[in-house]
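Let's take a walk through this protein, from its sheet to its helices to its charged pairs. Have the 3D view ready to rotate as you read.

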Amino acid sequence: MERDEFLQVRDLWKSFHKVEVLKGITTSFARNEVVSIIGPSGGGKSTFLRCLNLLETPTSGSIVFDGVDICDKRQNINLHRQKMGMVFQQFNLFNNVNVLHNLIDAPIRIRKMPQAQAEEKAMGLLERVGMAERADAWPHQLYGGQKQRVAIVRALMMDPEVMLFDEPTSALDPEMIGEVLDVMKRLAETGMTMIVVTHEMRFAREVSSRTIFLDGGRIEEDKPSHELFDHPESPRLISFLNKVL
């Protein structure tokens with residue numbers, strides 16, 4: 001079956017002042033694919049992810065999403081961002097409203113969804129992640145794992161075509177990591193396209209169909225996850241895995 005490569009990255013470069021962070025990244029992502037991006041800190045993983053929805057503007061190169069080069073300044077990037085859910089390291093919830101209102105704000109304001117429909121959708125998604133009883137809670141009343149599950153639901157409220165996760169468990173205490181990874185695993189099982197920057201090697205190995213090893217701003221290896229972990233080729237990847245596994 002031919003891969004439906006709906007997100008294509010071609011010769012992507014990103015510099016901050018004179019420091020080159022990404023150096024000619026070329027890869028693509030297919031629908032229903034779960035891809036983990038691993039590598040050492042400072043290797044460019046989060047910058048690459050943030051370039052995919054132009055939270056960081058690439059220095060050069062192209063990102064073609066649904067047939068459109070979103071790096072073209074004539075494009076309305078906000079329209080394309082609505083198709084990309086983003087979950088950050090920090091939860092970025094609005095502290096002045098409760099969980100339910102955190103979830104329904106964007107669909108009502110941006111997509112003009114009727115409030116009753118938005119609330120019904122939010123409650124259904126909260127049920128899926130085990131958070132329905134916390135709909136009336138305020139963000140400060142939630143612990144980290146709960147906040148991140150709410151953040152995932154908030155992204156899902158916009159019916160994205162792809163979900164981007166930027167180290168979603170890095171700000172969590174160890175005992176809370178599992179509950180967030182379980183939600184992500186169940187989401188992957190529904191066929192959601194996911195691109196995940198992560199330090200969780202077990203998730204990358206067991207849940208991702210493909211894993212990219214990024215180091216020094218370049219892709220060192222990009223292959224099916226079981227192959228990358230069982231038969232690493234690049235000396236840099238071998239060294240990295242020896243330290244983290």
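What follows starts with some strands, moves on to one helix and the core around it, and ends with salt bridges.

Keep in mind that this is a predicted model. A good place to begin is strand E1, residues 5–16, which runs antiparallel to E2 and is joined to it by nine bridges. If you want one rung of that ladder to click on, try Ser15, whose bridge partner in E2 is Glu20. The two strands make a hairpin with two residues between them, and His17 in the turn has a positive phi of about 60 degrees. E1 also pairs with strand E4 (residues 60–65), again in the antiparallel sense, over five bridges. There, Gln8 has Val64 as its bridge partner in E4.

Now turn to helix H6. Its 16 residues should span 22 Å at 1.5 Å a residue, and the end C-alpha atoms are 24 Å apart, which agrees. Which residues of H6 are buried? They are Met176, Ile177, Val180, Leu181, Val183, Met184, Leu187 and Ala188. Look down the axis of H6 and you'll see these buried residues fall within an arc of 155 degrees, so they line one face of the helix. The spacing makes sense: an α-helix has 3.6 residues a turn, so residues three or four places apart point the same way. On the face turned away from the buried side, H6 carries the exposed residues Glu175 and Glu189. The cover over the buried residues of H6 includes E3, H4, H5, E7, E8 and helix H7 (201–206). After H6 comes Gly191, with a positive phi near 95 degrees.

That buried face leads us to the nonpolar interior. The largest nonpolar core has 42 residues, and Leu103, Leu126, Ile152, Met163, Phe165, Met184 and Met194 touch the most other members. The elements giving two or more residues to this core are helix H3 (99–110), helix H4 (115–128), H5, E7, helix H6 (174–189) and strand E8 (193–197). H6 supplies the largest share, eight residues. For a close-up, pick Met194: leaving aside neighbours within four places in sequence, its contacts include Met163, Phe165, Met184, Leu187 and Phe203. There is also a second, separate core of 26 residues, with Val9, Ile25, Val162 and Leu214 among its members.

Finally, the charges. Side chains of opposite charge can pair when their charged atoms come close. In this model the count comes to 16 salt bridges. One of them joins Arg31 and Glu161, at 3.2 Å from N to O. This pair links distant parts of the chain, 130 residues apart: Arg31 sits in the loop between strand E2 (19–30) and strand E3 (34–38), and Glu161 in the loop between helix H5 (144–156) and strand E7 (162–166). Arg31 counts as partly exposed at 33% relative accessibility, and Glu161 counts as partly exposed at 26%. Both belong to a network of salt bridges that links Arg31, Asp66, Lys83 and Glu161.

Two more pairs are worth a look. Arg236 bridges to Asp215, with the closest N and O atoms 2.9 Å apart. Here helix H9 (residues 235–244) supplies Arg236 and strand E9 (residues 210–215) supplies Asp215, 21 residues apart. Arg236 is partly exposed at 30%, whereas Asp215 is buried at 15%. Arg50 and Glu56 also form a salt bridge, with their closest N and O atoms 3.6 Å apart. Is Glu56 buried or exposed? Glu56 is buried, because its relative accessible area is 19% and the cut-off for buried is under 20%. Its partner Arg50, at 25%, is partly exposed.

Methods: Residues numbered from 1 in each chain as written. Predicted model: local features only at pLDDT ≥ 70, side-chain atom pairs only at ≥ 80, totals over all residues. Heavy atoms only, no water. Salt bridge = Lys/Arg side-chain N within 4 Å of Asp/Glu carboxyl O. Helix = DSSP H or I, 4+ residues; strand = E, 2+ residues; numbered from the N terminus. Buried < 20%, exposed > 50% of the residue type's maximum accessible area, 1.4 Å probe, protein only. Core = buried A, V, L, I, M, F, W, Y, C linked by side-chain atoms within 4.5 Å. Contact = heavy atoms within 4.5 Å. Pairing = 2+ DSSP bridges. Expected span 1.5 Å × (residues − 1). Arc of directions from axis to C-beta.
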